[in-house]
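Please look over the structure shown below before reading on. The report that follows takes up its strands, its helix contacts, its aromatic rings and a few individual residues in turn.

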Amino acid sequence: METVVSGIRSTGNLHLGNYYGAIQNFVKMQNEYNCYFFIADLHSLTTHPTPADLHGNIKQVLVEYLAAGINPETATIYIQSDVPEIAELYLYMNMNAYLGELERATSFKDKVRANPDNVNAGLLTYPVLMAADIIIHKATKVPVGKDQEQHLEMARTFANRFNRLYNKDVFPEPYAFNYSENLVKIPGLDGKGKMGKSEGEGNAVFLSDSPEIIRKKVMRAVTDSGPTAENQDKPVEIQNLFDIMKVVSSPDTYNHFDNLYNSCQVRYGDLKKQLAEDIIIATTPIREKINDIANDAPYLRQVAKHGAIKARESAQRTIKQVRETIGFRSF
């Protein structure tokens, strides 16, 4: 059975984009592949979270992973920092990662421009840690978005370089993996790009948002003054709302508002009210599970401990082989 590895940074709440994009595919994958899903708390240290925020965010993501359908008895779900072998492999891989190739990474250059006062070594070597996350389990399939494809290419480079340097096939090549031919992409409410926490609180609807918060966010979504001709193309901000409606609403509801738009009779207030209620209906079962799981501390401890044990069993096998390959041996 092929191994799949994927992680989500521990920056708090998951949103509709996470759920309808990655998480639903994870739920399907876990029954067909050897899956490792981790909470990337080490990666989040590049932004210097406070200890309270770090712990709270880790818990929130773990709770929401479980509420959204990840089964800890089927997949291995774990917290990155609970597996010290990842940090050890990160150290070894850093010895074979070169400054020039790290500085050329698009994401590093973007972060330097965005945060010139926080250009730390963790940002520079972020692709090395990502590579360690993947190859520690000898994964061959990695579900990633377009923005992470360069990092995955670098992971292949680091894995192949290690194999060549020591003339031994320790690591297989990991490749991008889309479980579904038609990946669901949820746009944001701000009329710009995809839904994401980094785009601002008003951009995303989180799985834990209360009905009142969902209504407020959707009613504030960006719209225009309305169509001026029948069957005209929808501007991006309006198409975004219809794209979300296509996912959470019934086909009849979608067609109703699409017809109103095409006949210049649409009232955006009515459309938003309907969209908000449909989002509430779609997220209520998950939100109820979130509340139940968040209050079950013994269960969360059990899941985290069980996941760490399973992940370390795999990681320790790899590290043993890596140490022997490099030349570290006991006397």
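## Strands, helices and single residues

Strand β1, which covers residues 3-9, runs parallel to strand β2, residues 34-40, and 7 bridges join the two. The model described here is a predicted one. Within this pairing, T3 has N34 of β2 as its bridge partner, while G7 stands opposite F38 in β2. On its other pairing, β2 is matched with strand β3, residues 76-79, again in the parallel sense and over 4 bridges, and there F37 stands opposite I77 of β3.

How many of the 7 residues of β1 are buried? In β1 the number is 5 of 7, so this strand is largely enclosed by the rest of the structure. For β2 the corresponding number is 6 of the 7 residues, and β2 is therefore also largely enclosed by the rest of the structure. In a regular strand, as a general matter, side chains alternate between the two faces of the sheet.

Aromatic rings come next, and the structure holds 10 aromatic pairs. One of them is formed by F26 and F37, whose rings are stacked, with 4.5 Å from centre to centre and 20 degrees between the planes. F26 belongs to helix α1, residues 16-29, whereas F37 belongs to strand β2, so the pair ties together parts that lie 11 residues apart in sequence. Both partners, F26 and F37, are buried. Another aromatic pair is made by F162 and Y166, and this one is tilted, with 4.8 Å from centre to centre and 45 degrees between the planes. Because F162 and Y166 are 4 residues apart in helix α9, residues 149-166, about one helical turn separates them. Is F162 buried or exposed? With a relative accessibility of 1%, F162 counts as buried, whereas Y166, with a relative accessibility of 28%, counts as partly exposed. Strand β2 also takes part in a further group of rings, since F38, the residue of β2 that stands opposite G7, forms one aromatic cluster with Y36 and Y78.

Two helix contacts can be described in some detail. Helix α3, residues 51-67, packs against helix α14, residues 297-326, at an angle of about 90 degrees and with the axes 11 Å apart. The two helices, α3 and α14, are therefore roughly perpendicular to each other. On the side of α3 the contact is made by K59, L62, V63 and L66, and on the side of α14 by Y299, L300, V303 and A304. Sorted by class, this contact of α3 with α14 has 7 nonpolar residues, no polar residues and 1 charged residue.

The second contact joins α8 and α9, whose axes come within 9 Å and cross at roughly 70 degrees. That angle makes α8 roughly perpendicular to α9. From α8 the residues Y126, P127, V128, M130, A131, I134 and I135 meet H151, L152, M154, A155, F158 and A159 of α9. By class, the contact of α8 with α9 has 12 nonpolar residues, 1 polar residue and no charged residues.

The table sets out the residue classes at these helix contacts.

| Contact | Nonpolar | Polar | Charged |
|---|---|---|---|
| α3 with α14 | 7 residues | no residues | 1 residue |
| α8 with α9 | 12 residues | 1 residue | no residues |

Some backbone angles also deserve a comment. Most residues other than glycine have a negative phi. H48, although it is not a glycine, has a positive phi of about 55 degrees, and H48 is found in the loop between α2, residues 41-44, and α3. With a relative accessible area of 55%, H48 is exposed. K138, too, is a residue other than glycine with a positive phi, here near 55 degrees, and its place is the loop between α8, residues 126-135, and β4, residues 141-142. K138 is partly exposed, its relative accessible area being 28%.

A last residue to note is P211, which lies in helix α10, residues 211-219. P211 has a relative accessible area of 22% and is thus partly exposed. Which residues does P211 touch, not counting those up to four places away in sequence? Leaving those neighbours aside, P211 touches I280 and R287. The C-alpha atoms of P211 and T284 are separated by 8.5 Å, although the two residues are 73 residues apart along the chain.

Note on methods:
Residues are numbered from 1 along each chain as its sequence is written. This is a predicted model: local features need pLDDT of at least 70, side-chain atom pairs count only at pLDDT 80 or more; totals for chains, interfaces and linings use all residues. Side-chain values use heavy atoms; hydrogens and water are left out. Buried means under 20% relative accessible area, exposed over 50%, partly exposed in between (1.4 Å probe, protein chains only). Two strands pair if DSSP finds at least two bridges between them. Axes are lines fitted to C-alpha atoms, for helices over the stretch in contact, and angles run from 0 to 180 degrees between N-to-C directions. Angles under 35 degrees count as roughly parallel, over 145 as roughly antiparallel, 65 to 115 as roughly perpendicular and the rest as oblique. Contact means heavy atoms within 4.5 Å. Ala, Val, Leu, Ile, Met, Phe, Trp, Tyr, Cys and Pro count as nonpolar, Asp, Glu, Lys and Arg as charged, and the others, Gly among them, as polar. Rings of Phe, Tyr and Trp (its six-membered ring) pair if their centres lie within 6.5 Å; planes under 30 degrees apart count as stacked, over 60 as edge-to-face and the rest as tilted.
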